[in-house]
Amino acid sequence: MAQSVAQEPAQVVSLPGTRRKRASKDGKGWLFVGPFLAVFAVTFLAPIGYAIYLSLFREQAFFGGRAFVGLSNYTEALQDPKFWEAFGRVAIFLVVQVPIMLGLALLAALAIDSARLHAAGFFRIVIFLPYAVPGVVAVLMWGYIYGDNFGLAANLNDLLGTAIKPLSSGWMLPSIANIVTWEFVGYNMLIFFSALRTVPGELYEAAAIDGANTFRTILAVKLPALRGAIVIATIFSIIGSFQLFNEPNILRTLAPNVINTYYTPNMYAYNLSFAGQQFNYSATVAIVMGIITAVIAYVVQIRGSREAL
Amino acid sequence: MRVKRSKVLTGVMVLYLLYTIVPLAWLLLSATKTQDDLLSTPGLWFGKSFAFFSNITDTLTYNDGIFLRWLGNTVLYVVVGAGGATLLATAAGYGLAKYKFAGRRAVFAVLLGAVAVPGTALAVPTFLMFSNLGLTNTVWAIIIPSLVSPFGLYLMWVYSTDAVPPELLEAARIDGAGEVRTFFTVSLRLLAPGIVTTLLFAMVSTWNNYFLPLIMLSKPNLYPLTVGLTQWSNQATGVGARPIYNLVITGSLLTIVPLVIAFLLLQRFWQSGLSAGSVK
């Protein structure tokens with residue numbers, strides 16, 4: 001996906017014979033793009049600028065007012081054990097949950113695309129459905145299911161004689177990972193499936209003539225065709241993991257002793273500002289996370305678009 | 001190339017399907033139970049009494065019908081926010097695909113850079129900015145940020161590139177139609193599957209929005225369903241707890257239904273839009 005965006009402008013520029021005509025319509029493009037950009041500037045660019053501004057100041061507790069402190073909020077954040085604990089938690093989450101989720105999505109997409117599945121269309125729409133469930137509802141639902149009160153976990157423990165407590169400290173992170181996986185496998189599956197649909201039939205014919213079996217066709221034809229989609233899905237998943245907020249924040253009411261106020265970096269930034277009134281430090285934490293996320297997403301994109309799978 | 005359908009593969013996929021469906025089945029079954037039955041009967045079967053309709057009535061009337069108010073708010077945010085987002089994304093995607101103008105590359109770079117910055121970095125500063133502007137605790141605090149859908153812009157950009165042939169635009173120009181008129185009379189029709197897809201995904205993200213209204217709104221009568229439901233759920237804990245599990249569960253079910261219906265009804269459109277537009 002990202003690749004085709006990057007290549008796309010060059011295609012338009014190289015259209016033969018239209019150069020002079022198009023140049024005369026220079027201003028017209030802005031007519032269409034302008035409104036979007038105006039709102040974009042208000043909702044994206046201005047807050048980013050404001051966050052950077054905030055991060056350079058500190059509230060004066062005794063004298064009142066704001067003092068310019070340069071980068072000292074940043075040095076504080078980088079040495080803040082709470083920040084690193086939160087970061088470490090989402091990093092573990094990212095490394096374990098994202099491959100499982102994308103792997104399941106990939107297998108499901110390949111299965112549905114393979115023509116070997118009965119009722120493939122039914123599978124496609126049902127597996128996608130959790131994406132239409134609001135994240136909040138998914139968490140409330142799973143939260144109840146996890147609970148001892150009337151959840152399925154209690155039923156299952158009774159049935160099997162086990163004592164698994166999904167909301168206890170040891171199980172909480174896997175429990176959250178399960179909710180996120182449940183919500184987003186279908187969405188990613190659909191992205192992969194859409195990419196598979198664009199593979200030209202001749203490629204499959206060529207593979208069949210060369211005597212490639214199913215497995216070989218997947219490796220040689222399907223996976224390369226999915227590369228762009230996988231890179232994009234990975235980037236979105238990285239951004240999603242680092243932003244983890246809804247799930248832990250809602251589960252916090254069910255397990256207040258397990259989930260603290262800095263369970264994830266996003267929760268830390270939220271609680272710093274809304275419970276602690278530390279707006280400047282909160283903005284700093286948010287920017288640090290933003291920079292880390294952007295750098296990792298960028299590296300994944302560069303590596304993903306250059307290297308073969 | 002003809003391939004045989006596989007029972008084994010279908011069986012494995014059915015297992016996955018169960019994982020998808022069981023929680024939803026649990027929700028549906030639980031919505032038929034009274035609070036007492038919820039606590040005393042097995043999760044994946046019906047309770048002693050069938051309370052589905054009384055649960056729905058109770059959900060809609062509890063606390064002077066605040067649920068309906070939240071539903072109305074959600075619909076307002078979705079219609080104006082997601083509708084506006086689709087319009088802006090369609091126009092901008094089309095503009096980027098069909099016009100070559102100075103600054104086009106810069107637009108692309110800024111968009112890509114800004115999208116890589118996660119919402120984390122934006123939420124708190126956006127709140128503070130809106131607070132200074134006096135916009136918190138107004139519907140605008142939810143609607144304005146919902147108007148921007150970078151994913152929609154991207155989708156419409158890629159989709160417009162293919163769906164609107166340049167010859168058609170040239171023909172319209174030769175006939176003397178202005179650019180805006182051409183867009184509305186000629187191009188929009190060709191862009192329909194892409195627009196439906198963009199609209200649906202913008203709807204989902206606005207309908208499901210939780211973090212933004214959570215920080216922007218403190219008046220319950222402006223809440224969307226997501227924030228309202230979590231507040232109901234929170235009633236079950238803390239001092240003076242008054243659990244209303246049956247209402248949270250029925251309310252959750254009612255929150256899901258409109259989106260599921262939208263996806264099922266518009267299936268053909270959005271799936272073709274996604275195939276053609278999202279990944280090439």
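UniProt annotations may be inferred rather than shown by experiment, and their positions are given here in the numbering used for this structure. The model itself is predicted.

**Exercise 1.** Find which residues of chain A UniProt lists as "transmembrane region", and describe the chain over residues 176–196 and 225–245.

Solution. The unreviewed UniProt entry lists residues 29–53, 90–110, 122–145, 176–196, 225–245 and 279–300 of chain A. Over residues 176–196, chain A is 100% helix and 0% strand, with 30 Å between the end C-alpha atoms. Over residues 225–245, the figures are 86% helix and 0% strand, and the end C-alpha atoms are 33 Å apart.

**Exercise 2.** Place A:Thr253 in its chain, decide whether it is buried, partly exposed or exposed, and name what it touches.

Solution. Start with position: A:Thr253 sits in the loop between helix 12 (246–251) and helix 13 (265–274) of chain A. Next, accessibility: partly exposed lies between 20% and 50%, so A:Thr253, at 25%, counts as partly exposed. Then contacts: leaving aside residues up to four places away in sequence, A:Thr253 touches B:Asn234 and B:Thr237. Within chain A, its side chain reaches the backbone oxygen of A:Ile250 at 2.8 Å.

**Exercise 3.** Work out how helix 3 and helix 12 of chain B are oriented, and what kinds of residues make their contact.

Solution. The axes of helix 3 (residues 52–98) and helix 12 (residues 225–234) of chain B come within 8 Å and cross at roughly 150 degrees. Angles over 145 degrees count as roughly antiparallel, so helix 3 of chain B is roughly antiparallel to helix 12 of chain B. The contact residues divide into eight nonpolar, three polar and no charged. Among them, B:Trp70 belongs to helix 3 and B:Trp232 to helix 12.

Terms used:
Residues numbered from 1 in each chain as written. Chains lettered and ligands numbered in written order. Predicted model: local features only at pLDDT ≥ 70, side-chain atom pairs only at ≥ 80, totals over all residues. Heavy atoms only, no water. Helix = DSSP H or I, 4+ residues; strand = E, 2+ residues; numbered from the N terminus. Buried < 20%, exposed > 50% of the residue type's maximum accessible area, 1.4 Å probe, protein only. Contact = heavy atoms within 4.5 Å. Polar contact = N/O pair within 3.5 Å; in protein donor to acceptor, adjacent residues only side chain to side chain. Axes fitted to C-alpha atoms, helices over the stretch in contact; angles between N-to-C directions. Parallel < 35°, antiparallel > 145°, perpendicular 65-115°, else oblique. Nonpolar A, V, L, I, M, F, W, Y, C, P; charged D, E, K, R; others polar.
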